[in-house]
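Q: Please take a close look at one part of this model. I would like to follow a charged cluster and the sheet beside it in the discussion, then the remaining links.

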Amino acid sequence: MRGRALFACLAVLFAAPAAAAEGGVLAARYTEPTERYSHGVLGDAIEYGALEMRTQNRKVLVRLPDDHVFEDLVPRLADIDGDGENEVIVVETDMARGAALAIYDETGKRAETPHIGEPSRWLAPVGAADLDGDGFVEIAYVDRPHLAKVLRVWRYRNGSLSEVAQSPGLSNHRIGEDFISGGIRNCGSGPELVTANAGWTRIMATRLVSGDLQSRDLGDFQGRRSFARALSCRTP
């Protein structure tokens, strides 16, 4: 079974401030585990066929068609549109076209990136924040963290997602691991995306600056504690 303790950690990385969580989605979880998709990138053959969201007044169940799964660890809560209410970020996979990143709320799917394009191709979320201070939230993920290793950033604006930047040579997941590494930190000078380099020898911090992704080396990768230290603004 995948690491349940880490699920809670990931939820914290993506959570909106508690004061803003007065409406919208208050909690979310995957349900209806299934083995209908055999990719197994997260260490087992179990994915999920449904997403359950809880609001102040009700529970909402989104059940995927039989050719889709949530190929993911945990739904992530974030205020994507700036209205003070949470939406949900998920990895949704079309079994013929690979993974996409999607945003849901209690009314259904709000937006989605294109699917990667072929089966057994996945993406690993990094985080969601206003990365460049323009007032709009960006969502970052690593496209095919075991193959292409491309960090991609999408901006949510006017009800849709548009790609604003990408950078090769970065990763946040190794095949078979039941967790996603890294996340977003802010050490006093704005948000940074924390990942490994492509070879998993260095910890990297990446900023979105004037439409470009700029990365810098934080130090040696020495296991999972390196990410924990980097995210807490210490030397890895």
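The answer below starts from one arginine and works outward.

A: A word on the source comes before the details: this is a predicted model.

Start with Arg-110. Arg-110 sits in strand E8, which spans residues 108-112. With a relative accessible area of 26%, Arg-110 is partly exposed. Two acidic partners can be described in detail. One is Asp-105, whose salt bridge with Arg-110 brings the closest N and O atoms to 2.7 Å. The other is Glu-87, which meets the side chain of Arg-110 at 3.6 Å, N to O. Glu-87 belongs to strand E6 (residues 87-94), and its partner lies 23 residues away in sequence, so this salt bridge ties together separate parts of the chain.

Are the two acids buried or exposed? Glu-87 is buried, at a relative accessible area of 2%. Asp-105 is buried as well, at 7%. The cut-off for buried is under 20%. Both values fall under that cut-off, so both residues earn the label. Arg-110, at 26%, lies between the cut-offs of 20% and 50%, so it counts as partly exposed.

The cluster has a further member. Shared partners join Asp-81, Glu-87, Asp-105 and Arg-110 into one salt-bridge network. The structure as a whole holds 22 salt bridges.

Arg-110 also has a contact outside this network. Gly-159 touches both Arg-110 and Ala-111, leaving aside residues up to four places away in sequence. Gly-159 and Ala-111 are 48 residues apart in sequence, yet their C-alpha atoms are 6.7 Å apart in space. Gly-159 is found in the loop between strand E11 (150-157) and strand E12 (160-168). Its relative accessible area is 35%, so Gly-159 is partly exposed.

That loop leads to the sheet. Strands E9, E10, E11 and E12 form an open sheet in the order E9-E10-E11-E12, and the pairing is antiparallel. Strand E9 (123-129) and strand E12 are the edges; each has a single partner strand, so one side of each has no neighbour in the sheet. On average, neighbouring strands here are turned by 25° against each other, direction ignored. Strands of a sheet pair through backbone hydrogen bonds.

Within this sheet, look at the pairing of E10 and E11. Strand E10 covers residues 138-143 and is joined to E11 by 6 bridges, with the two running antiparallel. Ala-140 stands opposite Val-153 of E11.

Arg-152 adds side-chain detail to the same region. Arg-152 is placed in strand E11. Is Arg-152 buried or exposed? Its relative accessible area is 18%, so Arg-152 is buried. The side chain of Arg-152 makes a polar contact of 3.1 Å with the side chain of Asp-143. Leaving aside residues up to four places away in sequence, Arg-152 touches Ile-139, Ala-140, Tyr-141, Asp-143, Glu-163, Ala-165 and Gln-166.

Now the remaining links. Another salt bridge pairs Arg-63 with Glu-32, at 2.5 Å from N to O. This pair also links distant parts of the chain: Arg-63 is in strand E3 (residues 59-63), Glu-32 is in strand E1 (residues 27-34), and 31 residues separate them. Arg-63 is exposed, at 54% relative accessible area. Glu-32 is partly exposed, at 29%.

There is also a covalent link. The model has 1 disulfide. Cys-187 is joined to Cys-233, with an S to S distance of 2.1 Å. The angle about the S-S bond is -95°, and the link is left-handed. The two cysteines lie 46 residues apart: Cys-187 in the loop between strand E14 (183-186) and strand E15 (191-197), Cys-233 in the segment after helix H2 (224-231). Cys-187 is partly exposed at 37% relative accessibility. Cys-233 is partly exposed too, at 38%.

One serine completes the tour. Ser-181 lies in the loop between strand E13 (170-171) and E14. At 7% relative accessibility, Ser-181 is buried. Beyond residues up to four places away in sequence, Ser-181 touches Asn-172, Trp-200 and Phe-227.

Back to the starting point. Arg-110 shares one salt-bridge network with Asp-81, Glu-87 and Asp-105, and Gly-159, from the loop between E11 and E12, touches Arg-110.

Conventions
Residues numbered from 1 in each chain as written. Predicted model: local features only at pLDDT ≥ 70, side-chain atom pairs only at ≥ 80, totals over all residues. Heavy atoms only, no water. Disulfide = S-S within 2.5 Å. Helix = DSSP H or I, 4+ residues; strand = E, 2+ residues; numbered from the N terminus. Buried < 20%, exposed > 50% of the residue type's maximum accessible area, 1.4 Å probe, protein only. Salt bridge = Lys/Arg side-chain N within 4 Å of Asp/Glu carboxyl O. Contact = heavy atoms within 4.5 Å. Polar contact = N/O pair within 3.5 Å; in protein donor to acceptor, adjacent residues only side chain to side chain. Pairing = 2+ DSSP bridges. Axes fitted to C-alpha atoms, helices over the stretch in contact; angles between N-to-C directions.
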